[in-house]
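This report covers the fold, the annotated positions and a few backbone details of one protein chain. The sequence and structure come first, then the description.

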Amino acid sequence: MITREALTGMILAGGQGRRMGGRDKGLEPFAERPLVAHVHERLAGHVAEVLINANRNVERYRPLADRVVTDAEGGYQGPLMGIYTGLRAATTPWLVVVPCDTPALPGDLVARLVAGIGENEGEHDIAVAFDGERLHPVVALMRTSLADDLAAALADGERKIDRWYARHAWCRVDVSDCPDAFANLNTDDEKQRLERALGDAARAMRPLTRVNP
């Protein structure tokens with residue numbers, strides 16, 4: 001069984017935010033807090049350490065994680081470089097990877113990914129979230145011992161996450177009961193819609209106030 005002490009969590013926030021006008025997506029306000037703060041809540045308490053992979057505004061990210069790690073190589077080379085950076089930075093056997101723009105991730109995400117690997121840890125090296133229709137390759141659990149293999153793949157010019165996963169024993173983790181939780185927020189409109197939806201859901205769950213006659 002993979003324990004909390006064997007897990008490092010990492011939030012990918014190292015992109016250029018092109019579809020948000022070049023803004024740093026992880027620091028975008030969402031429900032009165034930065035997006036990355038909501039994602040941090042999904043990992044904190046479930047892993048031994050939470051990292052943020054960021055390539056700018058590092059000082060602003062520092063209070064939001066245990067450590068901030070920048071890409072091992074510059075040039076905004078994509079999420080696979082961020083994953084490699086996390087595999088190198090982690091001090092545990094396993095790394096949980098999530099993107100910074102998924103504030104509605106389920107609270108039991110880490111447990112689901114761990115269960116997906118299964119009791120026989122020797123069978124799989126990577127577990128990837130699957131919402132019933134498509135994979136979410138940047139929501140995954142993987143062995144940190146894969147770092148050297150990924151270094152070789154990157155040196156060969158590989159930048160596609162799915163092609164690198166295919167080199168290893170990987171499995172899907174069924175999250176089809178909550179597919180909306182894995183939607184990425186790439187535009188202001190998407191962010192505002194989810195803010196409204198989560199606000200409506202929170203209000204609907206509040207207990208009714210009893211009024212004494």
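Strands S1 and S4 pair in the parallel sense, over six bridges. Within this pair, leucine 12 stands opposite asparagine 53 of S4. The model is a predicted one.

The pair belongs to an open sheet of seven strands with mixed pairing, in the order S5-S4-S1-S6-S8-S7-S9. S5 and S9 stand at the edges with a single partner strand each, so one side of each has no neighbour in the sheet. From one strand to the next, the twist averages 25°. Helix H3 lies across S1, S4, S5, S6 (94-99) and S8 (135-143), and runs at about 150° to S1.

At the S9 edge, strand S7 (residues 126-130) is joined to S9 by five bridges, and the two run parallel. Isoleucine 126 is opposite tryptophan 170 of S9. In a regular strand, side chains alternate between the two faces of the sheet. S9 (residues 170-174) has Cys171 and Val173 on a covered face, while Trp170, Arg172 and Asp174 are on an uncovered one.

Seven helices and nine strands make up the secondary structure of the protein chain. The chain has 213 residues, of which 49% count as buried. Where contacts link residues at least 6 apart in sequence, 72% of them join residues at least 24 apart. The chain exposes about 10800 Å², and carbon and sulfur atoms supply 49% of that area.

**Annotated positions**

An unreviewed UniProt entry places the feature "binding site" at Leu12, Ala13, Gly14, Lys25, Asn53, Asp71 and Asp101. Leu12 and Asn53 from this list are the residues that stand opposite each other across S1 and S4.

Alanine 13 is in strand S1 (residues 7-13). Leaving out residues up to four places away in sequence, alanine 13 touches Asp24, Ile52, Asn53, Ala54, Asn55, Tyr61 and Cys100. Aspartate 71 is in the loop between strand S5 (67-69) and helix H3 (79-89). With the same sequence neighbours left out, aspartate 71 touches Asn53, Asn55, Gln77, Met81, Gly82 and Thr85. Asn53 and Asn55 therefore appear among the contacts of both alanine 13 and aspartate 71, and both of these residues are buried, alanine 13 at 4% and aspartate 71 at 11% relative accessibility.

**Cysteines and accessibility**

Which class does cysteine 171 fall into, buried or exposed? Cysteine 171 counts as buried because its relative accessibility, 10%, is under the 20% limit. Cysteine 178 is also buried, at 18%. The structure holds zero disulfides.

The table gives the relative accessible area of the residues discussed here, including two loop residues described below it.

| Residue | Relative accessible area | Class |
|---|---|---|
| Alanine 13 | 4% | buried |
| Cysteine 171 | 10% | buried |
| Aspartate 71 | 11% | buried |
| Cysteine 178 | 18% | buried |
| Asparagine 57 | 33% | partly exposed |
| Glutamate 32 | 82% | exposed |

**Positive phi**

Most residues other than glycine have a negative phi. Glutamate 32, however, has a positive phi near 75°. Glutamate 32 is in the loop between strands S2 (29-30) and S3 (33-34). Asparagine 57 has a positive phi as well, of about 50°, and lies in the loop between strand S4 (49-54) and helix H2 (58-61).

Note on methods. Residues numbered from 1 in each chain as written. Predicted model: local features only at pLDDT ≥ 70, side-chain atom pairs only at ≥ 80, totals over all residues. Heavy atoms only, no water. Helix = DSSP H or I, 4+ residues; strand = E, 2+ residues; numbered from the N terminus. Buried < 20%, exposed > 50% of the residue type's maximum accessible area, 1.4 Å probe, protein only. Contact = heavy atoms within 4.5 Å. Areas by Shrake-Rupley, 256 points an atom, 1.4 Å probe, with all protein chains shown as cover. Disulfide = S-S within 2.5 Å. UniProt positions renumbered as here; feature names shortened; annotations may be inferred. Pairing = 2+ DSSP bridges. Axes fitted to C-alpha atoms, helices over the stretch in contact; angles between N-to-C directions.
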